[in-house]
Amino acid sequence: MARSKRDMMYSALPQINYAGYAAQARESQALSQSMNRVVSFAAKQSAYESEKAGTEYGAEKAPTPQQVKDALAEGIDLDEIMPGGGGDFTVFDRAAGKAALISVTNAVEAEARASISQLQREAYSNKTPIIEVQAEMRNIIDGYGASLAGISPSVAKKFNASMSIAGNTVINAHAKYLNTVQDKASKALAAATASNIIGLIPDIVNNPIIMTDNELVTANELLATQRQAIADLGFTNNDPAFITKQLKIFDDAVSEAKVGRIVDFVLLNPLANRKAM
């Protein structure tokens, strides 16, 4: 069968090796991916080195709590004294700023806790009223919190929450301490008052009729009043043991005083007074 001119024309064209081109394309793609991995690794390594350097720089150059306070007092922008300048421009800047913030926060918290501990010691030693301790505690927390608020409001908020918990613990402990001190003082005063009352028993017994507040009262009436006064001291302090103990001492003292008065009466004129009894 005769070939057409068209067939003869196509047969004269050079043959293309598509398989070869496909292999070359695969090789090129593999090379490109390999290059991308190298570039990506280099970028990550560079970022790691920048972050490490920034972290070290930020920790080393972080301002002290006092420097932060001074800057705030002088109206200086805290970005000017913070490593990284408060910027978010490079990996180094971000790392430096983050490390400096952590360093400043830790230093401020350490100083705040030291101030709280000092307040607790002084309040304990001076028996400072609880309302004064609360006010001073608030000043400490607010003062240090203001230093952090100028750098990071969110960090300052966490700081205030944490320090408030620590402060409340100290305040509650001091309130309990003051209650204990007051309770001891109240009981000591009650014991001294009861002792003074009991000390008056011989005089009361030896004076059957006594003038008090422009009224004549018998010794027994006055003794009953004094006995109730001792009981009231115990009720005020919610101390049943005190009531039991002191009333027994009181009753024993009354009995002893009355026996003593009878003995003195008899011994004054044994013959006549014995018959009178």
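A residue counts as exposed when its relative accessible area is over 50%, and N238, with a relative accessible area of 66%, is therefore exposed. That is a handy yardstick for the tour below, which walks through a predicted model. The chain has 277 residues, of which 28% are buried, and its secondary structure comes to 10 helices and 2 strands. Much of what follows concerns how helices α3, α4, α5 and α6 meet, with a few individual residues picked out along the way.

**Overall layout**

- Reading along the sequence, you will meet the elements in the order α-α-α-α-α-α-α-β-β-α-α-α.
- Among contacts in the chain with a separation of 6 or more, 61% come from residues 24 or more positions apart.

**α4 alongside α6**

- Two packed helices are described by the angle between their axes and the distance between the axes.
- For α4 and helix α6 (residues 153-199), the angle is about 15° and the axes are 11 Å apart.
- Angles under 35 degrees count as roughly parallel, and α4 and α6 are therefore roughly parallel to each other.
- The crossing of α4 past α6 is right-handed.
- On the α4 side, the contact is made by L101, T105, V108, E109, A112, R113, I116, Q120, A123 and Y124.
- On the α6 side, V155, F159, S162, M163, A166, V170, A173, H174 and Y177 take part.
- Sorted by class, the residues of this contact are 13 nonpolar, 4 polar and 2 charged.

**Two buried residues in that contact**

- I116 sits in helix α4 and has a relative accessible area of 6%, so I116 is buried.
- Apart from neighbours within four places in sequence, I116 is in contact with M137, I140, M163 and V170.
- One of these partners, M163, is 47 residues from I116 in sequence, while the two C-alpha atoms are 9.1 Å apart in space.
- H174 belongs to helix α6, and its 5% relative accessibility means that H174 counts as buried.
- Not counting residues up to four places away in sequence, H174 touches A123, Y124, K127, T128, I130 and V133.

**α3 across α4**

- Helix α3 (residues 65-73) and helix α4 (residues 91-126) have axes that come within 9 Å and cross at roughly 95°.
- The two helices are therefore roughly perpendicular to each other.
- P65, V68 and K69 of α3 make this contact with V104, A107, V108 and E111 of α4.
- The contact of α3 with α4 divides into 5 nonpolar, no polar and 2 charged residues.
- V108 of α4 takes part here and is also listed in the contact of α4 with α6.

**α3 across α5**

- α3 packs with α5 at an angle of about 80°, and their axes are 9 Å apart.
- That angle makes α3 roughly perpendicular to α5.
- From α3, V68, K69 and L72 meet Y144, A146 and S147 in α5.
- The residues of this contact divide into 4 nonpolar, 1 polar and 1 charged.
- V68 and K69 appear here as well as in the contact of α3 with α4.

**The buried side of α3**

- P65, V68 and A71 are buried in α3.
- These residues cover an arc of only 125° around the axis, so they lie on the same side of α3.
- An α-helix has 3.6 residues a turn, so residues three or four places apart point the same way.
- The buried residues of α3 pack against α4 and α5 (130-149).

**Backbone angles worth a look**

- Most residues other than glycine have a negative phi.
- K127 is a residue other than glycine with a positive phi, near 55°.
- K127 lies in the loop between α4 and α5, and at 43% relative accessibility K127 counts as partly exposed.
- K127 is also one of the residues that H174 touches.
- N238, likewise a residue other than glycine, has a positive phi near 50°.
- N238 is found in the loop between α8 (219-236) and α9 (240-268).
- G75, which follows α3, has a positive phi near 75°.

Note on methods
Residues numbered from 1 in each chain as written. Predicted model: local features only at pLDDT ≥ 70, side-chain atom pairs only at ≥ 80, totals over all residues. Heavy atoms only, no water. Axes fitted to C-alpha atoms, helices over the stretch in contact; angles between N-to-C directions. Helix = DSSP H or I, 4+ residues; strand = E, 2+ residues; numbered from the N terminus. Parallel < 35°, antiparallel > 145°, perpendicular 65-115°, else oblique. Contact = heavy atoms within 4.5 Å. Nonpolar A, V, L, I, M, F, W, Y, C, P; charged D, E, K, R; others polar. Left-handed = near helix turned anticlockwise from the far one by under 90°. Buried < 20%, exposed > 50% of the residue type's maximum accessible area, 1.4 Å probe, protein only. Arc of directions from axis to C-beta.
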